[in-house]
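Student: I would like to work through this structure with you, going from the chain as a whole to its helices and then to single side chains. Could we take it one question at a time?

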Amino acid sequence: MTHLLFIALIGELLAPAVAAESAQATLLVGEATVLVGDTLSQPALTLTDSVSQHLRYRHWGDAAKELTATPLDDIPAPQRGDHAFVTAWALVHADRAKDATALLTRMETASTAPDAYVALLRGEIARAEGDLTAALGYMASVPPTCSAWPRAQVQSAEVLRELGRTKEGYEVYGALAARPDPATGSPEALLALAKRHGSGSA
């Protein structure tokens with residue numbers, strides 16, 4: 001079994017740029033030293049080595065399969081909220097966001113999941129459920145200083161387009177694409193803008 005600090009796990013789930021965007025600290029995860037953000041928490045999750053590897057290498061479908069198969073009674077009570085968050089994260093990234101809806105209530109008890117990441121995840125689940133207004137609200141609560149912000153902006157742009165607010169959606173993409181390279185979210189923004197101009201739409 002591998003014990004992971006939740007913030008370190010988030011660093012693995014997102015991008016290598018996470019550590020560069022916040023105050024750095026080091027800690028051990030298994031045998032590997034990793035850079036993490038400016039807030040450290042006590043060990044919050046106990047995961048099998050298999051699940052840890054799936055998460056590390058972004059094998060979301062495999063991670064989700066194992067995490068969802070874990071009986072609730074096998075998860076220590078203090079860890080259930082954070083386990084629900086990580087499970088939902090894997091499901092969303094495996095394009096199974098609707099399957100994560102059942103985890104929302106348990107996610108409320110997560111003790112170390114950063115609020116911005118919870119908001120991002122709730123927004124993506126709300127979008128999958130068709131509650132686009134709620135999705136926008138969740139995405140808007142992710143601050144620009146957070147490493148999850150570019151993904152939240154991409155999601156917001158897509159939600160705006162789905163709501164018929166196409167111009168606003170492309171404005172969000174334009175702001176993302178205008179940032180100095182390299183920047184997370186820029187490839188998605190540039191692709192969306194290229195498709196827009198290529199199609200000749202207004």
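The questions and answers below concern the predicted model shown above.

Student: How many helices and strands are there in the chain, and what percentage of the residues count as buried?

Tutor: Since this is a predicted model, local features are discussed for residues with pLDDT of at least 70. The chain holds 11 helices and 4 strands. Among contacts between residues at least 6 apart in sequence, 54% join residues at least 24 apart. Of the 202 residues of the chain, the share that counts as buried is 47%.

Student: Is helix α7 largely enclosed by the rest of the structure or largely open?

Tutor: Helix α7 runs over residues 115–129, and its 15 residues reach 21 Å from the first C-alpha to the last, close to the 21 Å expected at 1.5 Å a residue. Its buried residues include Ala116, Tyr117, Val118, Leu120, Leu121, Arg122 and Ile125. Because 11 of the 15 residues of α7 are buried, the helix is largely enclosed by the rest of the structure.

Student: Which residue follows α7, and what is the sign of its phi?

Tutor: The helix covers residues 115–129, and the residue that comes after α7 is a glycine. Its phi lies near 90°, and the answer is therefore Gly130, with a phi that is positive.

Student: Which residue forms a salt bridge with Arg151?

Tutor: Side chains of opposite charge can pair when their charged atoms come close. In the salt bridge of Arg151, the closest N and O atoms are 2.7 Å apart, and the pair links distant parts of the chain, with Arg151 in helix α9 (residues 149–162) and its partner in helix α7, 27 residues apart. Arg151 counts as partly exposed at 29% relative accessibility, whereas the partner has a relative accessible area of 7% and is buried. That partner is Glu124.

Student: Which residue in helix α7 is linked with Glu162 of helix α9?

Tutor: The side chain of Glu162 takes part in a salt bridge with an N to O distance of 2.5 Å, and this pair also links distant parts of the chain, its members being 35 residues apart. Glu162 counts as partly exposed at 42% relative accessibility, and its partner, with a relative accessible area of 23%, is partly exposed as well. The residue in α7 is Arg127.

Student: By about how many helical turns are Glu158 and Arg161 separated?

Tutor: The side chains of Glu158 and Arg161 meet in a salt bridge at 2.8 Å, N to O, and Arg161 is partly exposed at 30% relative accessibility. Because the two residues are 3 apart in helix α9, their separation is about one helical turn.

Student: Are α9 and α10 roughly parallel or roughly antiparallel?

Tutor: The axes of α9 and helix α10 (residues 166–177) come within 7 Å and cross at roughly 160°. The cut-off for antiparallel is an angle over 145 degrees, so α9 and α10 are roughly antiparallel.

Student: What is the handedness of the crossing of α8 and α9?

Tutor: Helix α8 (residues 132–140) and α9 have axes that come within 9 Å and cross at roughly 155°, and the two helices are therefore roughly antiparallel to each other. Leu132, Ala135, Leu136 and Met139 in α8 meet residues of α9, among them Ala152, Ser156, Val159 and Leu160. The crossing of α8 and α9 is left-handed.

Student: Which residues does Gln153 touch, not counting those up to four places away in sequence?

Tutor: Gln153 is found in helix α9, and it counts as buried because its relative accessibility of 18% is under 20%. In the contact between α9 and α10, Gln153 is one of the residues on the α9 side. The residues that it touches are Val172 and Leu176.

Student: Which residue in the loop between α5 and α6 has a positive phi without being a glycine?

Tutor: Most residues other than glycine have a negative phi. Arg58, in the loop between α3 and α4, has a positive phi of about 60°, and it is partly exposed with a relative accessible area of 37%. In the loop between α5 (80–93) and α6 (104–107), the residue with a phi near 60° counts as exposed at 74% relative accessibility, and that residue is Asp95.

Key:
Residues are numbered from 1 along each chain as its sequence is written. This is a predicted model: local features need pLDDT of at least 70, side-chain atom pairs count only at pLDDT 80 or more; totals for chains, interfaces and linings use all residues. Side-chain values use heavy atoms; hydrogens and water are left out. The expected span of a helix is 1.5 Å times one less than its number of residues. Buried means under 20% relative accessible area, exposed over 50%, partly exposed in between (1.4 Å probe, protein chains only). A salt bridge is a side-chain nitrogen of Lys or Arg within 4 Å of a carboxyl oxygen of Asp or Glu. Axes are lines fitted to C-alpha atoms, for helices over the stretch in contact, and angles run from 0 to 180 degrees between N-to-C directions. Angles under 35 degrees count as roughly parallel, over 145 as roughly antiparallel, 65 to 115 as roughly perpendicular and the rest as oblique. Contact means heavy atoms within 4.5 Å. A crossing is left-handed if the near helix is turned anticlockwise from the far one by less than a right angle, and right-handed if clockwise.
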